[in-house]
Amino acid sequence: MSAESSRRAEFWRGVRATFPLVVGAIPFGIIFGALAVNSGLSAAAAAAMSAFVFAGSSQFIAAGLVGGGAGVLLIVMTTFVVNLRHALYSVTLAPYMKHLPQRWLAPLAFWLTDESFLVVVERYRQPDASPYKHWFFLGSALFMYTNWQLCTWIGVFTGRTLPNPGGWGLDFALIVTFIGMITPGLRSRPVAMSALVAGATALLLAGLPNRLGLIGATLTGVLAGALTERWMAAHRTEPLTPPTAERLPPP
Amino acid sequence: MIWNEIILVASMAAVTFLIRWPPLALVSRIALPQPVVDALKFIPPAVLAAIVVPAMLTPNGTLDVHPGNAYLVAGAASGLLAWRTRNLLATILFGMIFFLIWRRLW
């Protein structure tokens, strides 16, 4: 296969792997657009936020804070805390992307979302030596990005006629997307321990402002998973974590 | 757009990009210690659980373990389906429909 067709194949593979996540993001994007204009943001500001910030949960919270009359500084600080988990994603992907120039790294970093991270890290962990896995990332990222813009616009244009968009319950779409991604991996004991400890810690830290507890809970869960894996390796009672390909359903 | 909104969106964009880009730009130039690399694979399950568990158990800010909590019931049903089928798309579609129906019926 020529380099050109291999790149194209990786790109479309990334698009296909991201399809279920795009389905889960559609309601979320529409509610964001509707919520933003109902909170008093202009249609242009809502669209610009999706185009230039491109981070769903922080946009959601920002719209809520604007509606509550919060100042710019508070909103930007909240954005920082809510998006801090992306630094963990970025660190996780970095070892795989050492060979790429900044003209690839900077745009892919901008397009890094929960959804693309999850499918891209799975792709990088597959054992084949394809040199074009960043094209998979590009396909996933552009699909998520395009969909997010379209859904924001739909929400902006329908939002003014539909009051209280936050009350529709469509925010469950994001939750069920994450449930679908996490559950198959729980067959591995260290992964299950990591998720259990992170979930419990998140409940305990839920009182902290601005979702600061999310970062603390994540780090605690990562530590619990790593310690469990080390303990199991020392005692050799169970096989180690199964191959990562098993943790997500095939695309 | 008024000036206030331009400042808001530009600041949010800058802060978010400055979280996402530097680790990718800098860490890819240095070698991480092996125990750190080994631990990184737990970030996806840990961060997802830290988002999902409070969203299911405390949808309105306080602990709500009751069949009337559609987030909890639909979340558990979706988790069961994901465990059995490993089919992400089916899980998402089933979960959304189940959630909307449960909320209406209860």
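In this predicted model, helix 10 (residues 189-204) of chain A packs against helix 11 (residues 212-235) of chain A at an angle of about 150°, and their axes lie 7 Å apart. Angles over 145 degrees count as roughly antiparallel, and helix 10 of chain A and helix 11 of chain A are therefore roughly antiparallel to each other. Their crossing is right-handed. On the side of helix 10 of chain A, the contact includes A:R189, A:P190, A:M193 and A:S194. On the side of helix 11 of chain A, the residues met include A:A217, A:T220, A:G221 and A:V222. By class, this contact of helix 10 with helix 11 of chain A has nine nonpolar, six polar and two charged residues.

**Other helix pairs**

A second pair within chain A is formed by helix 1 (residues 3-38) and helix 8 (residues 133-159), whose axes come within 6 Å and cross at roughly 25°. Angles under 35 degrees count as roughly parallel, and helix 1 of chain A and helix 8 of chain A are therefore roughly parallel to each other. The crossing of helix 1 and helix 8 of chain A is right-handed. The residues of this contact divide into 23 nonpolar, 11 polar and four charged.

Another pair joins the two chains: helix 2 (residues 43-52) of chain A packs with helix 1 (residues 3-27) of chain B at an angle of about 15°, with their axes 9 Å apart. Helix 2 of chain A and helix 1 of chain B are therefore roughly parallel to each other. Helix 2 of chain A passes helix 1 of chain B in a right-handed crossing. In this contact, A:A45, A:A48, A:M49 and A:F52 of helix 2 of chain A meet B:E5, B:L8, B:V9, B:M12 and B:A13 of helix 1 of chain B. The contact of helix 2 of chain A with helix 1 of chain B divides into eight nonpolar residues, no polar residues and one charged residue.

**The two chains together**

The contact between the chains takes 64 residues from chain B and 92 residues from chain A. Between them, chain B and chain A bury about 6,800 Å², with 77% of it on carbon and sulfur atoms. B:R20, B:L24 and B:R86 supply 12% of the area that chain B buries against chain A, more than any other three residues.

**Domains**

Each chain has an assignment into domains, and the table gives the bounds with the separation of the domain centres, taken over C-alpha atoms.

| Chain | Domain 1 | Domain 2 | Separation of centres |
|---|---|---|---|
| Chain A | residues 3-178 | residues 188-242 | 25 Å |
| Chain B | residues 1-30 | residues 34-105 | 29 Å |

In chain A, domain 1 (3-178) and domain 2 (188-242) are in contact through eight residues from domain 1 and seven residues from domain 2. The area buried between domain 1 of chain A and domain 2 of chain A is about 640 Å², of which carbon and sulfur atoms give 78%.

Key:
Residues are numbered from 1 along each chain as its sequence is written. Chains are lettered from A and ligands numbered from 1 in the order in which they are written. This is a predicted model: local features need pLDDT of at least 70, side-chain atom pairs count only at pLDDT 80 or more; totals for chains, interfaces and linings use all residues. Side-chain values use heavy atoms; hydrogens and water are left out. Axes are lines fitted to C-alpha atoms, for helices over the stretch in contact, and angles run from 0 to 180 degrees between N-to-C directions. Helices (H or I, at least four residues) and strands (E, at least two) are DSSP runs, numbered from the N terminus. Angles under 35 degrees count as roughly parallel, over 145 as roughly antiparallel, 65 to 115 as roughly perpendicular and the rest as oblique. A crossing is left-handed if the near helix is turned anticlockwise from the far one by less than a right angle, and right-handed if clockwise. Contact means heavy atoms within 4.5 Å. Ala, Val, Leu, Ile, Met, Phe, Trp, Tyr, Cys and Pro count as nonpolar, Asp, Glu, Lys and Arg as charged, and the others, Gly among them, as polar. Domain bounds come from an automatic or database domain assignment. Buried area is the accessible area (1.4 Å probe) that two parts lose on being put together, summed over both.
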